[in-house]
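Student: I'm new to this structure and would like a close look at one part of it. Could you take me through the nonpolar core and the places around it?

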Amino acid sequence: MTKVLLTIHVVAAILAIGPVAVAASMFPPATRRARAHPDEPTATGTVRVLHRICRVYAIAGLAVPVFGLGTASAMKVLGDAWVLVSIGLTVVAAAVLITLVLPAQDAAVTALDAGGGGDSTVARSPAPTTGQLAMFAGLFNILWVAVTVLMILRPGSTTGV
């Protein structure tokens, strides 16, 4: 059963978190292009599609921690430090996605729909800058890289290499 849970956990991470990481990273340059060419429907369409990918796959990504907890429980490592740190980082990554990435993308899409062309600052407009969008996506991705490294290295684990 452990191998099945672990397989589902890894596949879910690849298929659910991977697309969010890629789409969130592609969102800032796509937004930059759409702001530079507001009359080009494919530019704004691309931004909308990337945002939809992030929203839909964020929901699908809930399977990752669910199967991760099941795997850790089956392996009897739920109390190990590397698992607890991974859980903490996963919670932080989810919070970054829910409170920073998705709302910033929502604001950028809304600004594009309203005709907000230029790369405005938050002080002048609710639309985030593309730099802020990139920073939020980068933070989300770095957190998942840290979780992935912990899952592979498993420092202090007694379950073997």
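Tutor: Let's start with the core, then turn to its aromatic pair, the pockets and a few single residues.

Keep in mind that this is a predicted model. The largest nonpolar core has 29 residues, and the ones that touch the most other members are F27, V47, L97, V101, F140 and W144. Four helices put at least two residues each into this core: α1 (2-36), α2 (41-60), α4 (81-113) and α5 (130-153). The top contributor is α4, with nine residues. There's also a second, separate core of five residues, and A72, V77, V83 and L150 are among them. As a general point, nonpolar side chains in soluble globular proteins tend to be buried together.

Now zoom in on F140. Once you set aside its neighbours within four places in sequence, F140 is in contact with V20, A21, A93, V96, L97 and V101. F140 has a relative accessible area of 2%, so it counts as buried, the cut-off being under 20%. W144 falls under that cut-off as well, at 12%, so it is buried too. Both F140 and W144 sit in helix α5, four residues apart, which is about one turn of the helix. The structure holds one aromatic pair, and F140 and W144 form it: their ring centres are 6.4 Å apart and their planes stand at 70 degrees, so the pair is edge-to-face.

Next, the pockets. The largest pocket has a volume of about 700 Å³. It is lined by 29 residues, and H9, V64, G68, V147 and M151 are the closest to its centre. Two or more lining residues come from each of α1, α3 (63-74), α4 and α5. By type, the lining of this largest pocket splits into 21 nonpolar residues, seven polar ones and one charged.

The second largest pocket holds about 220 Å³ of space. Its lining has 16 residues, with A58, G61, L62, A94 and L97 closest to the centre. You've met L97 already, as one of the core residues that touch the most other members. Helices α1, α2, α3, α4 and α5 each supply at least two residues of the lining of this second largest pocket, and α4 gives the most, with five residues. That lining divides into 14 nonpolar residues, two polar ones and no charged ones.

While you're looking at V64, find V11 too. The two are 53 residues apart along the chain, yet their C-alpha atoms are separated by 8.6 Å. V11 belongs to helix α1 and is partly exposed, with a relative accessible area of 39%.

Last, look at two spots where the backbone has a positive phi. K76 lies in the loop between α3 and α4, and its phi is near 60 degrees, a positive value in a residue other than glycine. K76 counts as exposed because its relative accessibility is 73%, and exposed means over 50%. R154 comes in the segment after α5. Although R154 is not a glycine, its phi is positive, at about 45 degrees. At 16% relative accessibility, R154 counts as buried.

Technical notes: Residues numbered from 1 in each chain as written. Predicted model: local features only at pLDDT ≥ 70, side-chain atom pairs only at ≥ 80, totals over all residues. Heavy atoms only, no water. Core = buried A, V, L, I, M, F, W, Y, C linked by side-chain atoms within 4.5 Å. Buried < 20%, exposed > 50% of the residue type's maximum accessible area, 1.4 Å probe, protein only. Contact = heavy atoms within 4.5 Å. 1 Å grid on protein atoms, 1.4 Å probe; cavity = no way out; pocket = protein on both sides within 12 Å on 5 of 7 lines; lining within 4 Å. Points joined across faces, edges and corners; volume = space filled by probe spheres on them. Nonpolar A, V, L, I, M, F, W, Y, C, P; charged D, E, K, R; others polar. Phe/Tyr/Trp six-rings, centres within 6.5 Å; stacked < 30°, edge-to-face > 60°.
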